[in-house]
Amino acid sequence: GEGLPRPEQTRVIVVANQKGGVGKTTTTVNLAASLALHGGRVLVIDLDPQGNASTALGIDHHAEVPSIYDVLVESRPLSEVVQPVVDVEGLFCAPATIDLAGAEIELVSLVARESRLQRAIQAYEQPLDYVLIDCPPSLGLLTVNALVAGQEVLIPIQCEYYALEGLGQLLRNVDLVRGHLNPTLHVSTILLTMYDGRTRLASQVADEVRNHFGDEVLRTSIPRSVRISEAPSYGQTVLTYDPGSSGALSYLEAAREIALKGVGVSYDTTHAHIGA
Ligand code: ADP
Ligand code: MG
């Protein structure tokens, strides 16, 4: 998996879906680790007050740690809160602490409240190939900050009943932000998560999602895997926790697809559906 093409400019990818439990955080950290293992320099921004992405990356995020809250609310430079991820070269994280829960309210009265994250990323001077932003399960000001800061939206979809329900609201928000604040924003990637190819339901939902979104849906889907769900409790991604597992291989493959799509190289389908 070494030597994938690196983007000419930093790709800022917003991982969003206002539904909880669909695999946003899991996808953010494992894709980020995969892109780093493929040779990229990658920053994860944890924008969920729960701080699950920070935990999964083994990043200290107790209340005193400088965090993305300080960046958004106190205008602290992003470089002062970014920490390296141990064990994965080229991977970094701006952690979330619990005070981020108050930021939705505190941001309301601040100048340029929708574009504070965008400004912070633009002022960050270290070279980066990818920024992945893990959003909270809501469409409030934190998610709006992510949508204003990014060029791309990645929507993880869990293959279950009602998978598409509620997505209309997210897509309308993407359109609104594109129309008013960020003309480059688009939904670039849909990723099917927790896919169980043995069930009829999963394949029906997958077909429905592919009919609806077409080429944005990655050929690689992420299988339901115990190894993926175990890794965070060790402060690791599945890429270091169990590098040979189907979950690790599928995230590496999804990362490959994303990297190749970004430079306009068509994807070799022979590797698709690993583990599914
Ligand atoms: P979100 O960030 O959208 O709320 P998470 O990424 O936290 O969702 O995932 C929700 C739960 O599902 C977590 O417990 C996570 O470990 C588990 N999970 C996510 N993806 C997988 C997968 N592919 N296989 C098994 N469990 C998964
Ligand atoms: Mg999450």
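With 13 C-beta neighbours inside 10 Å, Ser75 counts as partly exposed. A residue is called buried if 20 or more other C-beta atoms lie within 10 Å of its own, exposed if 12 or fewer, and partly exposed in between, with C-beta atoms placed from the backbone. The model is predicted: local features need pLDDT of at least 70, side-chain atom pairs count only at pLDDT 80 or more, and totals for chains, interfaces and linings use all residues. Residues are numbered from 1 along each chain as its sequence is written, while chains are lettered from A and ligands numbered from 1 in the order in which they are written.

Ser75 sits in the loop between helix H3 (68-74) and strand S3. Helices (H or I, at least four residues) and strands (E, at least two) are DSSP runs, numbered from the N terminus. The phi of Ser75 is near 55 degrees, a positive value in a residue other than glycine. Most residues other than glycine have a negative phi. Ala112 is not a glycine either, and has a positive phi of about 50 degrees. Ala112 belongs to the loop between helix H4 (103-108) and helix H5 (116-122), and counts as exposed because it has 10 C-beta neighbours inside 10 Å.

Next comes the sheet. Seven strands form an open sheet with mixed pairing, in the order S3-S4-S2-S5-S1-S6-S7. Strand S3 (83-84) and strand S7 (186-193) are at the edges with a single partner strand each, so one side of each has no neighbour in the sheet. Two strands pair if DSSP finds at least two bridges between them. Three of the pairs are listed here.

| Pair | Bridges | Direction | Opposed residues |
|---|---|---|---|
| S3 and S4 (residues 91-94) | Two bridges | antiparallel | Gln83 and Cys93 |
| S1 (residues 11-15) and S5 | Five bridges | parallel | Val12 and Val131 |
| S2 (residues 42-46) and S5 | Five bridges | parallel | Ile45 and Ile133 |

Is strand S5 (residues 130-134) enclosed by the rest of the structure or left exposed? Five of its five residues are buried, so S5 is largely enclosed. Tyr130, Leu132 and Asp134 point one way from S5, and Val131 and Ile133 point the other way.

Helix H7 (residues 167-180) has 14 residues, which at 1.5 Å a residue should span 20 Å; its end C-alpha atoms are 20 Å apart, which agrees. The expected span is 1.5 Å times one less than the number of residues. Leu167, Leu170, Val174 and Val177 are the buried residues of H7. Seen down the axis, they fall within an arc of 85 degrees, so they line one face of the helix. This arc is that of the directions from the helix axis to the C-beta atoms. An α-helix has 3.6 residues a turn, so residues three or four places apart point the same way. The face of H7 turned away from the buried side carries the exposed residues Gly168, Gln169, Arg172, Gly179 and His180.

Around ligand 1 there are 17 residues, the closest being Lys24, Thr25, Thr26, Ile228 and Ser229. A residue is near the ligand if its C-beta atom, placed from the backbone, lies within 6 Å of it. Helix H1 (24-37) and helix H9 (226-230) each supply at least two residues of this shell, and H1 gives the most, with three.
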